[in-house]
Amino acid sequence: MSPLEDTSDVAAPSLATGAPLSVDDRDEHDADDDHFHRKAPTPPSSFTSLASSSERSNDNDDKRNDPTANDANTSLPAGLPTAILSSLRRHKANLTLAELSGSLGDLGTFIPLTVALARERKIALAPALFWAGVGNVVTGMAWDVPMCVQPMKSISAVALSGDGGDGGAGLDARSVTAAGMLAGGMVLVLGATNLMEVVNWVVPTAVVCGLQVGVGLRLAAKGMKDVQSLGGTGVYDSIGLAIACSVLCMYWLRARESGHREQVAAQERQGNEDAECGVDCRQTYGSICNASSCPRQIRNDTIELGNLHDGHDDNGNAVDNTTDIVTAGSTSNQQQQQQQQQQPHILRKLLRPLSTCLHCLRPNPTTPHPVGIYLFLLGSLFAAITLATAPPSSTRYDLPLHFFGAPIVINALSGITPLDWRQGFFQGALPQLPLTCLNSVISVCCLAHNLYPEKRRPSLEARGRTDAVVTRRDVAVSVGLMNLALCPLGSMPNCHGAGGLAGQHRFGARHGTSVVALGAMKMLLAVFFGGSALTLLDALPVSVLGVMIGIAGLELVGTGVAMLKECVEGEVGRNEMDESTLVRGNAKVNPKAVLRKISLIAMVTASVIVALEKTHYGVVAGWVVHMIHGDGFTDLVKWFRTRRGRRREDAREE
């Protein structure tokens, strides 16, 4: 079986419907050949511990309370309205501060590129924002993963650099549209015909690790360069503001890890308290008790709410923030009255806003700090000050702000010529294709596979797939349809990216709810402030956006390093179990030698990407090192021998 036959029957999510396919339907069509798929590394514990079990319990409770949820996943398209309603209920249950914070983790990359393209008249900002929001909503509804929607970086760079066209002015708006449609068409063909599996089979896991490290370092370096271009004595937007935001983010993100450890420890203690509610909660309710009187359910509600108050819940019950146990849940009415007498109800209401504002200073919160919301609010504050103090004669900002007035649907193909198609293909689509295949499909699927192990499909995981959460074919078809259908309506060329997913995960996103919320905000901004959207986005401080880019890049680097560690452990395990190795008497494999070999492949890939700023150059360099220095040539010989043996067996049977 060839890699082209792997998942040819897997239905991809449709941009027109956005309906998620059921797990059983997708697993039934996901055929696989073990020779063409690398072994999926075991996810590091640091990422598995970050998944919020309280959010998963809300999702499970929603499915249990909705008797039509299963029908929504098995009766498509007849059950499409039910599927959409079930998805909306799930997103409503998952809508937390952490999800809202994570939705903003990609803005550091999205806003600078979008504003630059709009300022140079390469795109129309209102349609670009609106259709990017539509892409966010559809992907968030189809996949329960914070899959970002970003501008295609190679096409954007050529359009802005001035070296893409024959006249030296870069790609114009019509050429950008043509480039997006052509790139989307090629990616769609690769996904629909399963040729993307050939690319995945050729590119080894060590190269994917190096790809993530290299792209992450480039993102972090871009954020630092943007901050470096600012003056140190600016009124608002300066290097000093970036340093202050960086220090605060280190404090908030450190507290995030501590809070997650406390939350996991509290959840482990729940297993010893089934007898308190009189029933075995896991046997009765499947995973966790949903009875309002159960002390375990009360604790989960407290953890989910994050204790963003002054030690009391909405009913006035006292809350112990150190142990996350609602002490008043099991007290009598007389004790509650005594507590209310000690602290008047009006005083509690007055203290709640102050406690909420001071939540950002808590060193060990029960839920993670919404760092993305903090940074966005800080940037919005300085943006409001900048616009309020801008002189009327300012040429940078279009003041006063205008409501409505900008169309969200345009005919981007109007006046397009064969020259635009030629320039879009050779100068935009061709350089973009390797980056999209590697970073927007292969790398992002591996990243989702490692970040969300609880969402893996068991049938794909059992076969050693590295895309058991979201398949490569689904992502490739999504990118293709998104550009073919939306670029003619005014959308800029968009794709999914590993850097955006890493940034949103780092800022707290764990579900597709985050990108649905982000997409809704983009569409509202395009509809209500379309005429002034460029002014609003351009006023956000570069120092804050640079810090967000740097955090997203470093998160992607950390994920690549963790994936590299798991790759080394998997290689050591396979070598120890290899029969040929045992025959030679070298059963004990040297892990340091394996680490050097795989690290060299990954570091060469990352170094070339950082130095030459060309992702496909780094992948080619890493692949060459893998074939010569690594086990690439040996694996290729084994594959040919295995294939020849199978052909001989088939000939004998015939």
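1. A salt bridge is counted here when a side-chain nitrogen of Lys or Arg lies within 4 Å of a carboxyl oxygen of Asp or Glu. The model under discussion is predicted. Under that criterion R174 forms a salt bridge with D420, the closest N and O atoms being 3.0 Å apart. R174 belongs to helix α10 and D420 to helix α19, so this pair ties together parts that are 246 residues apart in sequence.

2. The two partners of that bridge may be described by their accessibility. D420 has a relative accessible area of 3% and is therefore buried, the limit for that class being under 20%. R174, with a relative accessible area of 33%, is partly exposed. The bridge thus has a buried acidic partner and a partly exposed basic one.

3. R174 also forms a salt bridge with D172, where the closest N and O atoms are 3.6 Å apart. D172 is partly exposed, its relative accessible area being 26%. Side chains of opposite charge can pair when their charged atoms come close. R174 should accordingly be examined with D172 and D420 in view.

4. Over the whole structure, a search finds 16 salt bridges. One of them joins E461 to R456, with 3.1 Å between the closest N and O atoms. R456 is buried, at a relative accessible area of 9%, whereas E461 counts as partly exposed at 35% relative accessibility. In addition, E197, R465, D467 and R472 are joined into one network by salt bridges that share partners.

5. As to the overall architecture, the protein contains 29 helices and four strands. Of its 654 residues, 53% are buried. Among contacts between residues at least 6 apart in sequence, 80% join residues at least 24 apart. The accessible surface comes to about 28,800 Å², and carbon and sulfur atoms account for 60% of that area.

6. Helix α9 illustrates the packing of buried residues. This helix covers residues 153-161, and within it S154, I155, S156, V158 and A159 are buried. Which elements do the buried residues of α9 pack against? They pack against helix α7 (107-119), strand β1 (150-151), helix α10 (173-192) and helix α19 (418-451). Helices α10 and α19 are also the elements that hold R174 and D420, respectively.

7. A nonpolar patch is present on the surface. V202, V620, W623, V624 and I628 form this patch and together have about 440 Å² of accessible area. Helix α28, residues 615-628, gives the most to the patch, with four residues. I628 lies in this helix, and at 70% relative accessibility I628 counts as exposed, because the exposed class begins over 50%.

8. Two charged patches deserve separate mention. R641, R644, R648 and R652 form a positive surface patch. Within this group, R641 is located in helix α29, which covers residues 632-653, and it counts as exposed at 61% relative accessibility.

9. A negative surface patch is made up of E649, D650, E653 and E654. E653 is found in helix α29 and counts as exposed, with 69% relative accessibility. Helix α29 therefore holds a member of the positive patch, R641, as well as a member of the negative patch, E653.

10. Two backbone positions should be inspected individually. R121, a residue other than glycine, has a positive phi near 60°. Its place is in the loop between α7 and α8, the latter covering residues 125-142. R121 is exposed, with a relative accessible area of 61%.

11. The second position is E613, whose phi is positive at about 55° although the residue is not a glycine. E613 lies in the loop between α27 (591-612) and α28, and α28 is the helix that gives the most to the nonpolar patch. With a relative accessible area of 45%, E613 is partly exposed.

Technical notes. Residues are numbered from 1 along each chain as its sequence is written. Side-chain values use heavy atoms; hydrogens and water are left out. Patches are made of residues with over 30% relative accessible area and no salt bridge: like charges are joined within 9 Å, nonpolar side chains (Val, Leu, Ile, Met, Phe, Trp, Tyr) within 5 Å. Accessible areas come from the Shrake-Rupley method with a 1.4 Å probe; for residues, only the protein chains shown count as cover. Lys and Arg count as positive and Asp and Glu as negative; His and the chain ends are not counted. The place of a charge is taken as NZ of Lys, CZ of Arg, CG of Asp or CD of Glu. Buried means under 20% relative accessible area, exposed over 50%, partly exposed in between (1.4 Å probe, protein chains only). Contact means heavy atoms within 4.5 Å.
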